[in-house]
Amino acid sequence: MTRTNKTTSRPQGNDFNTVSEQSRRNFLKGSTAALGLFMAASPVASAVAAASKKPLLNFKGLPASTADTFVVPEGYTATPLISWGDPILSGAPAFDPSGKQSSAAQAGQFGDNTDGMSLFPLANDRALLAVNNEYTNYDLLFDHGGKAMTADDVKKAQAACGVSVFEIRRDGNGQWNYVQGGQYNRRITAYTEMEMTGPAAGHALLKTAADPTGKKILGTFNNCANGQTPWGTYLTCEENFDGFFSSASEVELSRAQKRYGLRTDKDRYQWHKHDARFDLAQNPNEANRFGWVVEIDPMGPTSTPKKRSALGRFKHENAALTLDNSGHAVVYLGDDERGEHLYRFVSKGKYNPANNAANRELLAEGTLYVARFNAAEGELKGKGEWLELSHGKNGLTAENGFDDQASVLIHAREAATQVGATTMDRPEWVAVHPDNRSVCCTLTNNKHRGKKANQPLGGPNPRAENNYGQIVRWYPPKGNHTSNQFDWDLFLIAGNPELNSGLYAGSQNITKDNMFNSPDGIGFDKEGRLWIQTDGNYSNSGEFAGMGNNQMLCADPATGEIRRFATGPVACEITGQAFSEDQRTLFVGVQHPGEKGKPSHFPAGGNSKPRSTIMAIRRNDGGVIGS
Ligand code: FEO
Ligand code: CA
Ligand code: CA
C-alpha cells in the first residue's frame, strides 16, 4: 500500500539554523511558501558554513540491516560491555542461561532490558554507569516462560527491573570493561526503599496499609529513559507502571485509574498473585506511588532514592534537564502514550555551584507546565505556550476534581486535559542542544491520530495513523527556558520516500539510504550532533520495507543531514546512549534482541540465549565518535 497526502511536496523538515538568527526568525514566521523561497537562498549560507567549518558528520553511513548482529561504520568497532545477568555485586554468580537462577542471584546481576543510561566520571579511565533495566522477558528469565510463577519468581522478576549502577574502567588498549564488586556498584529493584518528596508526599492518595505515611515507597520499575543533573545525580523515569498491577477480584476502576491504563483483565507479569502490593483490589493506592521521576545519588551506594512528585505522574520517558540563564533548573518531560502530552518543570530555587547540598533539593519544589502547540492549518511550524499546572489556576479547582496540588500532580494527565494541552504522537525522549537555544522531542508514532476525536490532525502531529514518527523542535525565546512562549518546527518527519509521496515520504532529509521509523531515544553530543535511536517496526516489509532492524542514526541539526550509524540485531530496540567524557567511546543499549521468540542469538551467537546488552563503540584510530 502506498500513501499520499494532500500536501504534494515534501516538507523541508529543517530550518538550516547555521544562518543568522534573523533569518531563522523570518523562517519561523513564514508560511510553507516562504519556506521554499528561504531554502532557495540557503546554499550560499551553507557554502559559507562549509568553508569555515569541517562537516559535523564524518563517517560513512550504513545500509539497512536484517542481520542478527550489531553493525557500526567502517573504521569503528563495537564490543559488548555487559549483558543481562552478568554479575555486578561481589559474590554474585555468573549468568546461567537455564532460567532456573534464584531471585537472590538476579539481585546481584545486571538487570534485564537495558534502557536509558548516564555516565559519571570518577577519573580519566574510571567511571560509573547508571543504567535503567526497564522490564523483563519471562520467556528468557524463566525455564517455564512465566507459566508456573512462584513467589520467588515474582521476586526475581522484580530484581530484574530497576536500575544497575556499576563501575567501568578503561584498559591500556582504550577498551572499557565493567568491574564486578566496584565500591559504588548497586542494584536498585522493585523493592528498594525510596522516599517520596515534594507536594504529593504524604497525601491520602499515596497512603497504603503498609505505609500509612504515604512517603515510604518500595521500589521502582519500568524505568524507561533517564536524565542527569549538573549536581551529580541520576534521574530514572517510570513509564508503563500500569502493566505490573492487576487483580483476580472485581474492581471498579476510577476514571483516573483508567486514564493511567490500569486494568484487571491483563496479567502479563502476575506480580499481584504473590505480592499484595500489586493487587488493585487490596491496595488501590499502590499504583499512585509509581509513574514518577526518581533521583538517585550514584556515588551513594546506600543512599535512599527520592521520587520527585513535583515533576508530575505520568508514563515518563526521559527527564532532559538544562540550567536556564536565570539559574533555574528546567526539566523537559515526555509522557509516552498516544494522545498524551509534553511537560516542563521549572525549579523554584536556583542552581548554586557553591552549594551542592541545596542543588540536590532543586527538584523537590517548582512549577509544572504542559505544552500547547499552535499553528495555522497545514503549517508545520508555529508558536506554542507552556500552560501552568498549579492548583487554583487554569481551572484546576476542587469543582473540577482537583482538591490540592498533590491531586494535580498525581493526576497530571487529567490536569493537562483540563488546561487544554495539545495531544501528541507519543512524546518519547527530549534533548536540549548544547548551545541551550533549541530542544528536540521524538514523537515516535500514533495509530490513533486522526481517528480519535481528541487527537485531530495538525500542528506537530500532521499525519493520520502516523506510523513513522517525527521530531518536533522548539526554540525558547532568546534561549530563555523559563519563558512561557516558544517557536516550533519539525526537525524531521520520518517516512518512506520509496513508497510514498507527500508527508508519508518524510521530510526531504529522509532518503532511501537513511530511512527509518519510530524515533525514540535522542541525545546531543558535546559538538551538537543529534543521535537518534529507533524502537519501531522491524519487519522490513510493507510500509517499512527498506528500513531493516532497529538502528541508530546521527543528524546534523544545522544542515538536516542524517546518516545511519549503527544497526541492531534481530527483533531488538536500540535505546540508551552515553559518551565517555572524551567522546571517544559511545555506549549504546541493545534491548530485548529476539523478543517474542524471534530468532536472535545476540550477542554470543551460536545457539545462545539472546540477552539485552550494552555495546561500547570506538573508532579504530581512537578519534571522537562521529567526527
Ligand atoms: Fe520505554 Fe516509551 O519507551
Ligand atoms: Ca523509549
Ligand atoms: Ca518506543
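How many cavities of 30 Å³ or more does the structure hold? In this predicted model the structure holds four cavities of that volume or more, and the close-up views below turn to the second largest of them and to a calcium site.

**View 1. Donors of the calcium ion (ligand 3).** In this view the calcium ion (ligand 3) is coordinated at 2.4 Å by an OE atom of Glu-428 together with OD atoms of Asp-520 and Asp-535. Read along the chain, the donors of this ion follow the spacing E-x91-D-x14-D. Because Glu-428 belongs to strand β18 (residues 427–432) and Asp-520 to strand β22 (residues 519–524), the pair ties together parts that are 92 residues apart in sequence.

**View 2. Glu-428 as a bridge between calcium ions.** Here Glu-428 bridges the calcium ion (ligand 3) and the calcium ion (ligand 2), and these two ions lie 3.8 Å apart. The bridging residue Glu-428 is buried, having a relative accessible area of 2%, and Asp-520, a donor to the calcium ion (ligand 3), is likewise buried, with a relative accessible area of 2%.

**View 3. The second largest cavity and its lining.** The second largest cavity, with a volume of about 60 Å³, is lined by residues that include Trp-84, Gly-85, Phe-95, Asp-96, Gly-99 and Gln-101. Also in the lining are Gln-106, Gln-109, Leu-140, Leu-141, Lys-156 and Lys-609. Sorted by class, the lining of this cavity comprises four nonpolar, five polar and three charged residues.

How values were computed. Residues numbered from 1 in each chain as written. Chains lettered and ligands numbered in written order. Predicted model: local features only at pLDDT ≥ 70, side-chain atom pairs only at ≥ 80, totals over all residues. Heavy atoms only, no water. Donors = N, O, S within 2.8 Å, 3.2 Å for Na, K, Ca; no water. Helix = DSSP H or I, 4+ residues; strand = E, 2+ residues; numbered from the N terminus. Buried < 20%, exposed > 50% of the residue type's maximum accessible area, 1.4 Å probe, protein only. 1 Å grid on protein atoms, 1.4 Å probe; cavity = no way out; pocket = protein on both sides within 12 Å on 5 of 7 lines; lining within 4 Å. Points joined across faces, edges and corners; volume = space filled by probe spheres on them. Nonpolar A, V, L, I, M, F, W, Y, C, P; charged D, E, K, R; others polar.
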